[in-house]
Amino acid sequence: MTQLSTAPRFWELTHHLGRMGLRDLLKAYFTHYAVIVYLCLAALSLAAAARWPAPLVPTIASILLVVLAYPLIWYVLHRWVLHSRWMFKVPVLAGTWKRIHYDHHMDPDRLEILFGALYTTLPTLLIVAALPGWLIGGAGGALAGFAAGLICTAFYEFAHCVQHLGWKPRNPWLATMKRRHMEHHFHDEDGNFGITNFVWDRLFDTLYSRGTRPDKSATVFNLGYDDDMARRYPWVANRSRSSAAGNPRRTRAAGQGNGAAENAFSAAADRYAAPIGGNSLRRDRSIRGIEE
């Protein structure tokens with residue numbers, strides 16, 4: 001008689017990117033439901049665009065517009081929506097804000113909450129990718145633009161995962177990109193909003209390094225949702241397993257003590273402020289690893 005396996009499925013486990021390698025990430029990425037949905041919808045949109053095409057020029061224009069505008073769209077949403085301090089004040093939006101960004105800053109390396117939520121990404125893509133395509137090239141342009149937006153989103157999700165991966169790129173440009181993003185998470189959240197490039201950070205003067213901002217932000221983890229805000233606007237706190245003070249070191253301190261957890265987070269931040277070098281993945285994991 002065949003015995004059924006009791007081993008938990010991959011996505012029933014908790015995964016921390018700081019302790020994963022590139023092979024682990026590839027397995028996680030291509031088996032996550034959101035990525036599968038993005039890629040399948042992109043394939044269907046491209047097939048439909050081929051079946052009911054717009055003229056060549058509007059099709060190319062729709063795709064180029066989305067690809068070129070995507071970094072700006074991400075910057076605007078990241079800075080003025082996700083890092084605004086109004087969403088947690090609105091009861092119907094508090095849960096969404098918690099899911100798509102607060103939880104990620106509370107626990108930056110946890111893979112399950114790094115991926116975007118389909119109920120926010122897909123409607124956004126209909127507005128910023130399909131609608132402009134429709135205005136340019138009708139239904140065919142909308143399908144081409146939507147497909148481009150889906151592919152860009154899948155690429156951004158992967159790039160974001162790499163930023164948190166327990167791996168130091170040997171390429172100086174990639175290593176610098178990763179270091180800037182780690183500073184966004186562990187030093188000062190009010191800057192370095194880009195994921196694949198920092199063009200718009202430069203233009204809006206939000207690009208920084210730790211050397212230019214020596215003081216660490218008190219809200220780098222909680223995004224301003226502290227105890228006082230939790231008392232006034234309790235909807236995020238009511239949904240959260242962690243302290244409303246918003247410091248992930250408190251939740252990770254269980255079983256190891258606050259001091260050990262704080263040192264682990266400090267090491268993670270210091271790791272990405274160090275000069276670019278050729279440390280191995282094993283050493284990178286040992287420095288960057290943050291125990292549960």
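This report covers the overall fold, two helix packings, the largest pocket and one residue, V199.

**Overall fold**

The model is predicted. The chain is built from 12 helices and zero strands. Read along the sequence, its pattern is α-α-α-α-α-α-α-α-α-α-α-α. Of its 292 residues, 50% count as buried.

**Helix packing around α5**

Two packed helices are described by the angle between their axes and the distance between the axes. Helix α5 spans residues 118-164 and packs with helix α3, residues 56-82. The angle is about 50 degrees, and the axes lie 8 Å apart. That makes α3 oblique to α5, because the angle falls outside the ranges for roughly parallel, perpendicular or antiparallel. The crossing of α3 and α5 is right-handed. The contact of α3 with α5 holds 20 nonpolar and nine polar residues, and no charged ones.

Helix α2, residues 33-51, also packs with α5. Here the axes come within 8 Å and cross at roughly 165 degrees. Angles over 145 degrees count as roughly antiparallel, so α2 and α5 are roughly antiparallel to each other. The crossing of α2 and α5 is left-handed. In the contact of α2 with α5, one residue is charged, four are polar and 19 are nonpolar.

The table sets out the two packings.

| Helix pair | Axis angle | Axis distance | Handedness |
|---|---|---|---|
| α3 and α5 | about 50 degrees | 8 Å | right-handed |
| α2 and α5 | roughly 165 degrees | within 8 Å | left-handed |

**The largest pocket**

How much space lies in the largest pocket? The volume is about 650 Å³. The pocket is lined by 29 residues. Closest to its centre are W74, L77, L82, T120 and T121. Three elements give two or more residues to the lining: α3, α4 (91-106) and α5. Helix α5 gives the largest share, 10 residues. By class, the lining has 18 nonpolar, nine polar and two charged residues. Helices α3 and α5 thus appear twice in this report: they pack against each other, and both contribute to the pocket lining.

**V199**

V199 is found in helix α7, residues 199-203. Is V199 buried, partly exposed or exposed? V199 counts as partly exposed because its relative accessibility is 44%, and that class lies between 20% and 50%. In sequence, V199 and Y75 are 124 residues apart. In space, their C-alpha atoms are 9.7 Å apart.

Methods. Residues numbered from 1 in each chain as written. Predicted model: local features only at pLDDT ≥ 70, side-chain atom pairs only at ≥ 80, totals over all residues. Heavy atoms only, no water. Axes fitted to C-alpha atoms, helices over the stretch in contact; angles between N-to-C directions. Helix = DSSP H or I, 4+ residues; strand = E, 2+ residues; numbered from the N terminus. Parallel < 35°, antiparallel > 145°, perpendicular 65-115°, else oblique. Left-handed = near helix turned anticlockwise from the far one by under 90°. Nonpolar A, V, L, I, M, F, W, Y, C, P; charged D, E, K, R; others polar. 1 Å grid on protein atoms, 1.4 Å probe; cavity = no way out; pocket = protein on both sides within 12 Å on 5 of 7 lines; lining within 4 Å. Points joined across faces, edges and corners; volume = space filled by probe spheres on them. Buried < 20%, exposed > 50% of the residue type's maximum accessible area, 1.4 Å probe, protein only.
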